[in-house]
Amino acid sequence: MQIAKVRGTVVSTQKDPTLRGAKLLLLQFVDETGQLLPKYEVAADTSVGAGLDEWVLVSRGSAARQVSGSEHRPIDAMVVGIIDTVSVDNQLLYSKKDQYRT
Amino acid sequence: MQIAKVRGTVVSTQKDPTLRGAKLLLLQFVDETGQLLPKYEVAADTSVGAGLDEWVLVSRGSAARQVSGSEHRPIDAMVVGIIDTVSVDNQLLYSKKDQYRT
Amino acid sequence: MQIAKVRGTVVSTQKDPTLRGAKLLLLQFVDETGQLLPKYEVAADTSVGAGLDEWVLVSRGSAARQVSGSEHRPIDAMVVGIIDTVSVDNQLLYSKKDQYRT
Amino acid sequence: MQIAKVRGTVVSTQKDPTLRGAKLLLLQFVDETGQLLPKYEVAADTSVGAGLDEWVLVSRGSAARQVSGSEHRPIDAMVVGIIDTVSVDNQLLYSKKDQYRT
Amino acid sequence: MQIAKVRGTVVSTQKDPTLRGAKLLLLQFVDETGQLLPKYEVAADTSVGAGLDEWVLVSRGSAARQVSGSEHRPIDAMVVGIIDTVSVDNQLLYSKKDQYRT
């Protein structure tokens with residue numbers, strides 16, 4: 001999985017019918033030092049409810065369809081968790097509570 | 001999923017029989033600031049009907065086959081929606097209606 | 001899918017038994033302006049019959065196994081069509097008939 | 001599969017329910033000379049029990065779900081082994097026992 | 001599929017039980033001119049028996065599990081053939097017999 005920051009939303013009304021009801025978030029990937037990377041992904045969020053600026057865990061490929069209700073949706077990226085903390089070498093790199101960022 | 005702009009079409013008559021009837025669009029990827037990237041994909045459009053210059057949402061990998069009727073087609077990229085708006089940090093990056101582009 | 005040019009062939013006799021009979025082509029990817037990219041792929045061609053220098057459409061990942069007869073072959077790239085034309089912004093980028101190349 | 005070093009952990013409480021109980025490790029990829037690459041992955045470790053600084057083998061894509069108990073989890077990267085040795089040209093590049101690193 | 005050279009082996013005893021008996025080879029990718037690329041992969045070899053320095057064909061993703069006996073193994077890269085020859089523009093780029101390399 002990858003770590004990404006929620007940067008915005010994508011709206012599409014003329015779409016595959018099975019995508020109705022699936023919120024589409026614009027995510028920007030974060031590297032292992034916490035810096036934003038020039039790489040983004042549009043991911044569905046059907047069960048977690050992530051908000052703007054939150055760090056999330058995103059699954060891609062066929063894993064994205066393993067979330068209940070999305071087994072037959074043409075979705076290749078899915079938010080599967082809101083991140084509380086990221087630790088590297090036992091040091092806190094990120095903490096949602098304190099918005100702690102080295 | 002990725003955001004891409006419809007740049008053209010690809011025609012192939014000598015092809016796998018299951019691909020008959022699947023329109024093939026030449027898409028160019030767009031980055032999170034709305035700039036065209038030097039990266040393209042040929043995607044099938046079997047249900048959305050996207051036109052030239054429209055911004056679309058494209059699913060890749062096995063997700064591309066989850067669109068009804070394509071379950072057994074050798075397709076690895078599919079247009080799954082025409083994009084109405086893209087917002088970043090609550091700012092409108094793109095809006096189909098006004099062809100609004102920062 | 002990607003657009004590629006057939007550049008050669010790969011022969012392997014000591015291989016997984018299910019690969020017997022599958023012609024293996026060496027493809028080089030083409031970018032959206034028609035230039036060859038320093039990136040290649042070995043793809044099976046079990047149903048199209050592409051020849052040297054032809055532009056082809058190649059599907060990768062599990063899509064490659066959706067071609068009839070290859071469902072259980074360890075193949076991750078398959079030629080699924082010979083390209084007749086590629087148009088960008090309503091301009092002909094490539095045409096097999098006239099070997100037209102901007 | 002890829003070789004990576006365990007660099008830390010990721011904690012997420014608000015997540016897809018099927019991810020409960022799956023430890024999430026922050027891995028950094030290692031190149032063929034044993035150097036750390038500026039590339040990381042968050043992988044689940046549900047059966048191996050890798051520790052900080054250990055070199056591990058990581059499987060990605062649908063392979064990650066082939067570990068018993070994870071068949072229907074939205075996981076796209078899984079630790080599938082702790083590495084004892086890596087040899088290149090019959091020379092030991094890495095050995096867990098002696099923490100031998102050329 | 002990709003062309004790679006067998007450069008070494010990876011040993012892991014503490015691993016997913018289904019990986020027992022699967023030889024793990026360290027492969028380095030080769031580009032279309034036959035040069036080694038700074039990119040490697042750890043692939044299983046359960047049916048071909050490739051040796052050090054041999055050029056092999058490697059399948060990745062779910063294709064890797066299509067080799068008999070590996071359907072439910074968490075393997076995402078598999079050696080599926082030892083390469084005899086690679087020809088580009090009807091010229092021999094590589095031949096196993098003569099170890100011919102332009």
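This note goes through the symmetry, one chain interface, the nonpolar core and two loop residues of a predicted model.

1. Conventions. Local features are reported at pLDDT of at least 70 and side-chain atom pairs only at pLDDT 80 or more, while totals for chains, interfaces and linings use all residues of this predicted model. Residues are numbered from 1 along each chain as its sequence is written, chains are lettered from A and ligands numbered from 1 in the order in which they are written, and side-chain values use heavy atoms, with hydrogens and water left out.

2. Symmetry. A turn of 72° with a shift of 0.0 Å along the axis lays chain C on chain B with an RMSD of 0.0 Å, the superposition being by least squares on the C-alpha atoms of residues with pLDDT of at least 70 in both. The two copies are therefore related as by a five-fold rotation axis. They use different surfaces, since 4% of the contact residues of chain C recur in chain B, where contact means heavy atoms within 4.5 Å.

3. Extent of the interface. Chain C gives 28 residues to the contact and chain B gives 31 residues. Between them the two chains bury about 2400 Å², of which 47% is on carbon and sulfur atoms; buried area is the accessible area (1.4 Å probe) that two parts lose on being put together, summed over both. In chain C, the residues losing the most area to chain B are Met1(C), Glu32(C) and Gln66(C), together 29% of what that side buries.

4. Polar pairing. One salt bridge is counted between chain C and chain B, a salt bridge being a side-chain nitrogen of Lys or Arg within 4 Å of a carboxyl oxygen of Asp or Glu. The side chains of Asp89(C) and Arg7(B) form a salt bridge at 2.7 Å, N to O.

5. Core. The largest nonpolar core (buried Ala, Val, Leu, Ile, Met, Phe, Trp, Tyr and Cys residues joined through side-chain atoms within 4.5 Å) has 110 residues, of which Ile3(A), Ile3(B), Ile3(C), Ile3(D) and Ile3(E) touch the most other members. Leaving aside residues up to four places away in sequence, Ile3(A) touches residues including Trp55(A), Ile83(A), Val10(D) and Tyr40(D).

6. Backbone points to check. Asn90(C), although not a glycine, has a positive phi of about 60°, and Asp89(D), likewise not a glycine, has a positive phi of about 50°. At 68% relative accessibility Asn90(C) counts as exposed, whereas Asp89(D), at 37%, counts as partly exposed; the classes are buried under 20% relative accessible area, exposed over 50% and partly exposed in between (1.4 Å probe, protein chains only).
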